[in-house]
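Colleague: I am new to this one. Could you walk me through it, one question at a time?

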Amino acid sequence: MPIFRLYDTLSRKVRPLEPLEPDHLRFYTCGPTVYSYAHIGNFRSFVAADLVVRTAKALGWRVSWITNITDVGHLSEDDVADAGGEDRMEKALRSKEGEHFANVWDLAEHYALAYLEDWRALNLSEPLVRPRATQHVREQIVMTQALIEKGNAYETPTGVYFDVDSFPDYGKLSGNTRGKLLDAVRDVVQDENKRQQADFALWKKDDKHLMQWFSPWGWGFPGWHIECSAMARAYLGDVIDLHSGGEDNAFPHHECEIAQTEAYTGRPFSRHWMHVRHLQVEGEKMAKSAGNFFTIRDLVAQGHDPLAVRYALISTPYGRPFNFTMQLLRDAAANVGRFRECERRIRAAGVDPLAFVEESGADELGRELAEDYAECLAAMCDDLNTSVALAKAVEGAKAILRVPSLDEANARSAAWFLRKVNELLGIVRNDAPLDPVPDTGSREIEGRPIEEWVAERTAAKASRDFDLADSIRAKLAEAGIELRDTPAGTEWSALG
RNA sequence: GGCGCCGUGCCCAAGCGGUUAAGGGAAGGGUCUGCAAAACCCUCAUUCGGCAGUUCGAAUCUGCCCGGCGCCUCCA
């Protein structure tokens with residue numbers, strides 16, 4: 001088994017990912033704030049986390065993966081401000097889309113459900129638990145209270161703040177240490193209630209807030225950073241193996257999480273930190289405020305295959321600059337199509353492509369595929385080198401397609417390969433499709449089953465009436481049905 | 001000011017000191033086909049942003065220069 005190496009933001013180098021408990025990865029990924037639809041940039045980061053999970057499982061590890069849903073509308077400048085921030089949920093509720101919702105709770109629920117749909121469409125693994133911040137306010141309060149008692153936090157008229165000076169390691173993740181922070185080119189909002197401008201909120205006092213809870217400090221709501229500290233600890237314990245998020249999370253969010261948790265437990269919080277680089281779209285920076293972002297549902301509505309979207313999103317390793325383009329999506333679709341064609345051939349050989357095949361066969365194809373898969377896994381263990389991993393996966397697919405006619409042994413080896421590749425990369429088929437398998441039998445065009453049209457065309461071909469045959473093919477194509485003449489007869493499939 | 005990434009064929013992209021510079025897309029040619037589609041086969045960088053240097057040997061290491069970009073602000 002190859003060694004799983006991953007770039008670690010904290011030590012700034014590629015290091016083996018070594019779980020504290022052998023073969024059991026405890027992994028926390030920062031999830032989205034559900035105040036609008038998640039976009040492909042969010043999903044680049046979630047897919048990268050999913051690939052860590054898949055790789056770890058391929059190595060035979062047990063994986064306890066936790067990824068949260070932030071359904072509290074935090075202040076936008078939690079780390080620096082009291083007054084300058086604006087609540088994201090409340091802002092969303094006041095927006096045009098917000099008119100559809102009765103209140104912030106409804107709004108959060110709607111976008112949380114949409115997020116889960118997109119998650120499944122992209123074939124992401126299911127985490128062990130998907131906690132919501134609103135369901136863990138108690139833990140956040142308990143932790144905040146303990147930090148006050150330990151002397152790491154203090155109460156002011158407006159809330160409870162973490163005292164950054166009480167944690168000398170502050171800045172070790174991002175390089176934004178206390179001294180350097182002062183030089184940062186940021187518009188820091190001053191707040192006379194805080195001892196230091198870098199101190200960040202653990203609790204905000206606010207009895208007017210749309211979401212509020214009662215605490216030892218009165219009515220209010222928790223700070224943003226404390227939720228992840230509390231939830232990670234609740235499910236994974238004091239020390240976790242890996243923590244991931246988008247690169248923007250490194251500072252302030254993760255820096256603050258480290259400060260809170262390590263001050264609280266006296267132990268290192270996460271042994272490994274992973275940050276996913278933001279993507280661009282057609283060469284432009286993508287941001288919600290710029291409005292130039294794609295959501296998964298946008299792309300699906302345009303007719304793109306979610307698996308092609310996933311393929312495109314992982315075509316460049318997670319830490320590199322990545323430019324998402326329509327051209328890239330087309331390139332990806334071509335390769336996803338190869339896997340589909342492989343499944344067709346396997347089925348044609350009389351083997352169910354979904355059947356569980358334990359091992360690749362001893363046939364020549366099986367040996368070749370076993371090699372391709374080993375290289376694919378090795379690439380993933382090399383800091384998730386998805387470019388190479390995909391190349392190996394495609395190499396295997398081409399090896400399958402190169403065989404003029406698969407025999408049963410070939411087909412079983414091919415089925416094994418596709419299963420293994422799909423478990424590792426999730427690009428062959430959706431593991432847990434929400435939609436039932438496309439209705440291959442019941443569709444009708446102009447009131448006639450597709451099979452009848454196909455039969456009529458076959459008859460027309462036999463009597464060399466190619467004009468009629470071609471007109472039928474054109475009619476079906478218009479309805480999104482693609483025909484394919486094979487030695488075994490005419491097959492049809494619905495286009496993307 | 002801090003932290004970091006990248007410049008490889010028409011496009012995307014691997015490559016981390018040493019055989020013929022992976023792979024995909026596009027393009028051109030071919031096989032198959034009534035014609036298509038799909039699939040397969042072939043062709044497609046003496047060269048890796050530039051200039052020095054280290055080395056027996058560099059796309060790969062060092063320095064400088066040129067160019068593109070990200071985060072530190074809503075945002076993954």
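Colleague: Which domains does the domain assignment give for chain A?
Modeller: Happy to start there, keeping in mind that this is a predicted model. The assignment splits chain A into three stretches, and they are domain 1 (5–276), domain 2 (281–425) and domain 3 (444–494).

Colleague: How far apart do the C-alpha centres of domain 1 and domain 3 lie?
Modeller: Here we take the C-alpha centre of each of these two domains. The separation between the centres of domain 1 and domain 3 is 55 Å.

Colleague: Where does the largest nonpolar core lie with respect to the domains?
Modeller: This core has 133 residues, and Phe4, Phe43, Leu313, Phe324 and Leu425 have the most contacts inside it. Helix α1 (residues 40–58) is its biggest contributor, giving ten residues. Since residues come from both domain 1 (5–276) and domain 2 (281–425), the core lies between these two domains.

Colleague: And how many residues are in the second, separate core?
Modeller: Ile445, Ile472, Leu476 and Leu483 are among its members. This separate core has a total of nine residues.

Colleague: Are α1 and α13 parallel or oblique to each other?
Modeller: Good one to reason through! The axes of α1 and helix α13 (residues 408–425) come within 7 Å and cross at roughly 135°. Angles over 145 degrees would count as roughly antiparallel, and 65 to 115 as roughly perpendicular. The crossing of α1 and α13 is therefore oblique.

Colleague: Which residues of α13 make the contact with α1?
Modeller: On the α1 side, the contact involves Leu51, Arg54, Thr55 and Ala58. Leucine 425 touches Leu51 and Arg54, and its other partners include Arg310, Ile314 and Cys376. From α13, the residues in the contact are Asn422, Glu423, Leu424 and Leu425.

Colleague: What is the order of the strands in the open sheet?
Modeller: The sheet has four strands, with parallel pairing. Its edge strands are β4 (62–67) and β11 (273–276), each pairing on one side only. Neighbouring strands are turned by 20° against each other on average, ignoring direction. Read across, the order is β4-β3-β10-β11.

Colleague: Which residue is the bridge partner of histidine 24 in β4?
Modeller: Strand β3 (residues 24–29) pairs with β4 in the parallel sense, over six bridges. The β4 partner of histidine 24 is arginine 62.

Colleague: Which helix packs on this sheet, touching β10 and β11?
Modeller: Its direction makes about 155° with that of β10 (242–246). The helix, spanning residues 250–265, is α7.

Note on methods
Residues are numbered from 1 along each chain as its sequence is written. Chains are lettered from A and ligands numbered from 1 in the order in which they are written. This is a predicted model: local features need pLDDT of at least 70, side-chain atom pairs count only at pLDDT 80 or more; totals for chains, interfaces and linings use all residues. Side-chain values use heavy atoms; hydrogens and water are left out. Two strands pair if DSSP finds at least two bridges between them. Helices (H or I, at least four residues) and strands (E, at least two) are DSSP runs, numbered from the N terminus. Axes are lines fitted to C-alpha atoms, for helices over the stretch in contact, and angles run from 0 to 180 degrees between N-to-C directions. Contact means heavy atoms within 4.5 Å. Domain bounds come from an automatic or database domain assignment. A nonpolar core is a set of buried Ala, Val, Leu, Ile, Met, Phe, Trp, Tyr and Cys residues joined through side-chain atoms within 4.5 Å. Buried means under 20% relative accessible area, exposed over 50%, partly exposed in between (1.4 Å probe, protein chains only). Angles under 35 degrees count as roughly parallel, over 145 as roughly antiparallel, 65 to 115 as roughly perpendicular and the rest as oblique. Lists of a residue's contacts leave out its neighbours within four places in sequence.
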